[in-house]
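Dear colleague,

Please find below the structure that I am handing over to you. My account of what was found in it follows directly after.

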Amino acid sequence: MADPQAAALTQLRNIQTRAGRTIAELHAAMAASGLLKVGERRAWAMEHFKLGYGDANTLALTMGKTLPDLGAAPAASPAVPEGEALDGIYTGAKAHLRPLHEQVIAAIANFGPFEQAPKKAYVSLRRKKQFAMVGPATKEQIEIGINHKALPTHPRLKAQPPGSMCNATVRLATAAELDADLLGWLRAAYEAAG
């Protein structure tokens, strides 16, 4: 079984790496915000330091606690511009799928603002939480993961096992498949996320 204390220290070091500041510096900035409740501090850290929920929550919960020396914070990794991230995702035999990906993103952009967080093999779409994922599934199709618990049963929706990052996925080969049903499911997930 993993050591919970070692896991917590690793998470704190990772927070330092992501933010490019020490935990003490992050706590000082959080204290200067004047917020007192953990939930308020968590939301503030998510907004100001661009941390995920779990990291922001850990940061808020460790305020005022004595922590071991974690060392200096390494410089934060520079963000990869979205175009470059897509260049890495849509390469080789999958390169021709990139325009379809861009059409999906453009359609979702009509719902309102959201964050795109490129990963190694897909792009996470987030508001307060992730509502969808888009990336190549095969050489001929992209896959859209939809994170919404109230999705209907439909032949196009492939239900994912409990604990998955999304509740269902849909695969597309052409822009014609980006229809009213799919946009409706994506809009419902978008609205539920924030």
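**Salt bridges**

Arg187 and Glu191 form a salt bridge in which the closest N and O atoms are 3.8 Å apart. Both residues belong to helix H7 and lie four residues apart, so about one helical turn separates them. Arg187 is partly exposed, its relative accessible area being 34%. Please bear in mind throughout that the model is a predicted one.

The structure holds five salt bridges. One of them pairs Glu143 with Arg171, and here the closest N and O atoms are 3.2 Å apart. This pair links distant parts of the chain, since Glu143 is in strand E4 and Arg171 is in strand E6 (residues 168-172), 28 residues apart. As for their surroundings, Glu143 has a relative accessible area of 25% and is partly exposed. Arg171 also counts as partly exposed, at 38% relative accessibility.

A further salt bridge joins Arg156 to Asp179, with the closest N and O atoms 2.8 Å apart. Distant parts of the chain are again linked: Arg156 lies in the loop between E4 and strand E5 (158-159), whereas Asp179 lies in the loop between E6 and helix H7 (180-192), and the two are 23 residues apart. Arg156 is partly exposed, with a relative accessible area of 25%. Asp179 is likewise partly exposed, with a value of 28%. In addition, a network of salt bridges links Asp87, Arg98 and Glu102.

**Strand E3 and its partners**

I would next draw your attention to strand E3 (residues 130-136), which is mostly covered, with seven of its seven residues buried. E3 runs antiparallel to strand E2 (residues 123-126), and four bridges join the two. Within this pairing, Ser124 stands opposite Met133 in E3. The connection from E2 to E3 is a hairpin through three residues.

E3 is also joined to strand E4 (residues 142-146), by five bridges and in an antiparallel arrangement. Here Ala132 stands opposite Ile146 in E4. The hairpin between E3 and E4 passes through five residues. E4 is the strand that holds Glu143, the salt-bridge partner of Arg171 described above.

**Helix H4**

Which residues of helix H4 (residues 53-61) are buried? They are Asp55, Ala56, Asn57, Thr58, Leu59 and Ala60. Among the elements that cover these buried residues of H4 are helix H1 (4-19), helix H2 (23-32) and helix H3 (38-49).

**The protein as a whole**

The secondary structure comprises seven helices and six strands. Along the sequence, the pattern reads α-α-α-α-α-α-β-β-β-β-β-β-α. The protein has 194 residues, of which 37% count as buried. Among contacts with a separation of 6 or more, 55% are between residues 24 or more positions apart.

Taken along the principal axes, the C-alpha atoms fill a box of roughly 55 × 40 × 35 Å. The accessible surface comes to about 11,000 Å², and carbon and sulfur atoms contribute 55% of that area. As to charge, the protein carries 22 positive and 17 negative side chains, and the centres of these two sets lie 5 Å apart.

With kind regards

Note on methods: Residues numbered from 1 in each chain as written. Predicted model: local features only at pLDDT ≥ 70, side-chain atom pairs only at ≥ 80, totals over all residues. Heavy atoms only, no water. Buried < 20%, exposed > 50% of the residue type's maximum accessible area, 1.4 Å probe, protein only. Pairing = 2+ DSSP bridges. Contact = heavy atoms within 4.5 Å. Salt bridge = Lys/Arg side-chain N within 4 Å of Asp/Glu carboxyl O. Areas by Shrake-Rupley, 256 points an atom, 1.4 Å probe, with all protein chains shown as cover. Lys, Arg positive; Asp, Glu negative; His and termini not counted. Charge placed at Lys NZ, Arg CZ, Asp CG, Glu CD.
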